[in-house]
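User: I should like to learn how to read aromatic pairs, helix packing and cysteines in a structural model. Could we work through them one at a time?

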Amino acid sequence: MKLGIIKLKTTINKPFSVVKKSFVDKNGKLLKFLLPPFCKLLHYKGIRRGAIVKVSLFNKPCKFKVVNYSTSNNNLYFNDIIKEGKLLGISFWSHRHKINTLSKGKTVIIDEVTFTSRNKYKDFVLHVLFLASFFVRLIQYKIFFLDRR
């Protein structure tokens, strides 16, 4: 385990087009479904380069910016970083989302998170919390895509 780096993969039994549509949806249904209970979505207008996503975490606002975005018939990639605010005291946050066609009717979602609070003890605690949160996300992805077409 490398502190401050989390990488998880989820295989979804849906075609890439269905999964991609849910990620880029301007209503943010997938994002709202994935947010933890202590988080509230304040602003979201879809995923594209330069897009801003605002959330409230424990009633503290935090703004994320999509700094990279690319897509093709078989792949979707975007990377969000913290633009303003502090997410639990984190000074750096980068979340890479990779959605790729695995085979016909199957898609893999890869979440790669890199963060630091610049305090190794706090990073250890946050690493455990984020790892647990992203394991829950693996299950949430499976549930969300059960009935999607």
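User: Let us begin with Y141. Is this residue buried or exposed?

Analyst: In this predicted model, Y141 has a relative accessible area of 0% and is therefore buried, since the cut-off is under 20%. F23 is likewise assigned as buried, at 7%.

User: How should a pair of aromatic rings be described in general?

Analyst: A pair of aromatic rings is characterised by the distance between the centres and the angle between the planes. Here the count comes to eight aromatic pairs. For F23 and Y141, the ring centres are 6.1 Å apart and the planes lie at 40°, so the pair is tilted.

User: Which parts of the chain does the pair of F23 and Y141 tie together?

Analyst: F23 belongs to helix 1 (residues 16–24) and Y141 to helix 3 (residues 120–144), so the pair ties together parts that are 118 residues apart in sequence.

User: What is the geometry of the pair formed by W93 and F130?

Analyst: The ring centres of W93 and F130 are 5.3 Å apart with their planes at 70°, so this pair is edge-to-face. It also links distant parts of the chain, with W93 in strand 6 (residues 92–103) and F130 in helix 3, 37 residues apart. W93 is buried, with a relative accessible area of 7%, and F130 counts as buried at 9%. Ring pairs further link F64, W93, F115 and F130 into a cluster.

User: Helix 3 has now appeared in both pairs. How does one read the packing of a helix?

Analyst: An α-helix has 3.6 residues a turn, so residues three or four places apart point the same way. In helix 3 the buried residues are D123, L126, H127, F130, F134, R137, L138, Q140, Y141 and F144. The cover over these buried residues includes strand 1 (5–12), helix 1, helix 2 (29–34), strand 6 and strand 7 (106–116).

User: How many residues does helix 3 have, and what is its span?

Analyst: Helix 3 has 25 residues, and the distance from its first C-alpha to its last is 35 Å, close to the 36 Å expected at 1.5 Å a residue. At the start of the helix, a side-chain oxygen of N119 comes to within 2.9 Å of the backbone nitrogen of Y121.

User: What does R137 touch?

Analyst: R137, in helix 3, counts as buried at 14% relative accessibility. Setting aside residues up to four places away in sequence, R137 touches L34, H95, H97 and D111.

User: Where does F33 lie, and which residues does it contact?

Analyst: F33 lies in helix 2 and is partly exposed, with a relative accessible area of 34%. Beyond its neighbours within four places in sequence, F33 is in contact with Q140, I143 and F144. The C-alpha atoms of F33 and Q140 are separated by 7.6 Å, although these residues are 107 residues apart along the chain.

User: Finally, how many disulfides are there, and why is C39 not bonded to C62?

Analyst: The count comes to zero disulfides. A disulfide would require the two sulfur atoms to lie within 2.5 Å. The closest cysteine sulfur to that of C39 is in C62, 8.4 Å away, which is too far for a bond. C39 counts as buried at 17% relative accessibility, and C62 is buried too, with a relative accessible area of 3%.

Terms used. Residues numbered from 1 in each chain as written. Predicted model: local features only at pLDDT ≥ 70, side-chain atom pairs only at ≥ 80, totals over all residues. Heavy atoms only, no water. Phe/Tyr/Trp six-rings, centres within 6.5 Å; stacked < 30°, edge-to-face > 60°. Helix = DSSP H or I, 4+ residues; strand = E, 2+ residues; numbered from the N terminus. Buried < 20%, exposed > 50% of the residue type's maximum accessible area, 1.4 Å probe, protein only. Expected span 1.5 Å × (residues − 1). Contact = heavy atoms within 4.5 Å. Polar contact = N/O pair within 3.5 Å; in protein donor to acceptor, adjacent residues only side chain to side chain.
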